[in-house]
Amino acid sequence: MRWLLRIVVALVILLVALAAIGLIFLPRNVMVSRSVVIDAPPAIVWSYVSDLRRFNDWSAWARIDPEGTEYVFEGPEIGVGQIMRWSSAHENVGSGTQEVTAIDPGRSIETSLDFGEMGTAEANLTLTPNNGSTEVTWGFRTDLGINPVARWFGLFFDRWVGNDYEKGLANLKKLAEDQASQGG
């Protein structure tokens, strides 16, 4: 019976240590960013990124459950206040909202994301002209609060979100470059 008590005590010490490490040493805020250079003028790229109704044309997540995800769009057709709501039974898509919170026409767009119980985040897309091409940077940031478990998971956000951002930017690159090669 003594060995069981030792195991329980060791587990409690381990859990307390992991929680303390998470709260003290792991970052509360997580940021992910990916960039791509697209051989198309900013106006073409902007037409894809400035309207949430076109987000699924290039988003990696739209390809996960294309038949089972339902989308609802609210607010203005374009600009601050435009909202996209999605709902899917697929665990890698889930449900949530994305709302345009700031826009600098032709240059940048910022959105707030609400994943329900999974938390909130902000995302942004920035377009930088580059000798006839466009550098697009897609960023993500979230506050993990004082939850030590969330902070441990935060260590994996760059891989999880970053991989999907890379796929999405590759899709955006193909769409914009195809349109540019056809004369815009």
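In this predicted model, Ile-83 has Glu-99 of strand S4 as its bridge partner, and this contact belongs to the antiparallel pairing of S3 with S4 (residues 95-104), which extends over 5 bridges. Strand S3 (residues 83-87) is also joined by 5 bridges to strand S2 (residues 70-74), again with the strands running antiparallel, and within that pairing Val-72 stands opposite Arg-85 in S3.

Further along the chain, strand S5 (residues 108-114) pairs with strand S6 in the antiparallel sense, where Leu-113 has Ala-121 in S6 as its bridge partner. These two strands form a hairpin with 5 residues between them, and Gly-116 in the turn takes a positive phi of about 65°. Strand S6 pairs in the antiparallel sense with strand S7 as well, and here Glu-122 has Arg-141 in S7 as its bridge partner. The hairpin of S6 and S7 has 2 residues between the strands, with Asn-131 at a positive phi near 50°.

The strand pairings are listed below.

| Strands | Sense | Bridges |
|---|---|---|
| S2 (residues 70-74) and S3 (residues 83-87) | antiparallel | 5 bridges |
| S3 and S4 (residues 95-104) | antiparallel | 5 bridges |
| S5 (residues 108-114) and S6 (residues 120-130) | antiparallel | 7 bridges |
| S6 and S7 (residues 133-143) | antiparallel | 9 bridges |

Turning to open space in the model, the largest pocket holds about 1,200 Å³. It is lined by 43 residues, of which Trp-61, Asn-92, Phe-115, Met-118 and Val-161 are the closest to its centre. By residue type, the lining of the largest pocket divides into 28 nonpolar, 11 polar and 4 charged residues.

Methods. Residues are numbered from 1 along each chain as its sequence is written. This is a predicted model: local features need pLDDT of at least 70, side-chain atom pairs count only at pLDDT 80 or more; totals for chains, interfaces and linings use all residues. Side-chain values use heavy atoms; hydrogens and water are left out. On a 1 Å grid over the protein atoms alone, a cavity is a set of points where a 1.4 Å probe fits but cannot get out, and a pocket is an open set with protein on both sides within 12 Å along at least five of seven lines; lining residues have an atom within 4 Å of a point. Grid points are joined across faces, edges and corners, and a volume is the space filled by probe spheres set on the points. Ala, Val, Leu, Ile, Met, Phe, Trp, Tyr, Cys and Pro count as nonpolar, Asp, Glu, Lys and Arg as charged, and the others, Gly among them, as polar. Two strands pair if DSSP finds at least two bridges between them. Helices (H or I, at least four residues) and strands (E, at least two) are DSSP runs, numbered from the N terminus.
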